[in-house]
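Visitor: I should like to understand how the terms in a structural description are justified. Please take me through some of them.

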Amino acid sequence: MTEKNVPKATLQRYPVYLKALRKLKSSGVERIMSKELASVVNIEPTTIRRDFSFLGNLGKQGYGYDVNKLIEIFNQQLGMDFDEKIILVGAGNMGRALMKYNKWDYVVGEIACAFDINPDRQGVRFGISVYDISELEQRIPDGCRIAILAISENIQQTVDRLIACGITGLVDFTHVHIQIPKGVVLKSVDVVSSIQELVFETNSLNVER
């Protein structure tokens, strides 16, 4: 990451810019002005120019930004080239929804394969191969670091197996306590808690009115 002290809010916008830029590139756009990019990401042009200034002199007045150059710089600054091979463990309702959505190629990568204990869920689903969980060690892609957990049984045992295979990042939809060693990152996704927080904040707004 750049040596400058980049504000947290700016860092949170960088993936948004990268997603938009990769979409623009896929549409044949080679150069873009901050005003044009603003209409795509719904962020003020002045904010975009300020955010970009932390990464150096990226554009010229009246000339705009080189889309390919911006993508390259953002890839470097965010620590990877955003072609991650992600694996999914659990092909039930949540897993199928994630496989069906598998449109993260402009941001983080794609689900390369999935695993499930139920034979009825195995095979090819939404273009993604779903293997028996017993084949995890043999089927996990080389260099894979990220796994999504969408299972309800043998969770800790599965996590231990994933870590032994080289997984260092886990996205957790299980809602159970998971023990992980130092050097492994766990991000829990709790939709119910998010809705509860939203209801509370909405109620607070109504009280203020």
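Guide: The following exchange sets values against definitions.

Guide: This is a predicted model, in which local features need pLDDT of at least 70, side-chain atom pairs count only at pLDDT 80 or more, and totals for chains, interfaces and linings use all residues. Residues are numbered from 1 along each chain as its sequence is written, and side-chain values use heavy atoms, with hydrogens and water left out.

Visitor: Why is Val171 called partly exposed?

Guide: Buried means under 20% relative accessible area and exposed over 50%, with partly exposed in between (1.4 Å probe, protein chains only). Val171 has a relative accessible area of 24%, and is therefore partly exposed.

Visitor: Which residues does Val171 touch, not counting those up to four places away in sequence?

Guide: Contact means heavy atoms within 4.5 Å. Val171 touches Ala147, Ile148, Leu149, Lys187 and Val189. The C-alpha atoms of Val171 and Lys187 are 4.9 Å apart, although 16 residues separate the two along the chain.

Visitor: Why is Ile195 called partly exposed?

Guide: The relative accessible area of Ile195 is 48%, so Ile195 is partly exposed. Ile195 lies in helix 8 (residues 191-208); a helix here is a DSSP run of H or I with at least four residues, and a strand a run of E with at least two, numbered from the N terminus.

Visitor: What makes strand 5 and strand 7 a pair?

Guide: Two strands pair if DSSP finds at least two bridges between them. Three bridges join strand 5 (residues 109-116) to strand 7 (residues 128-132), and these strands run parallel.
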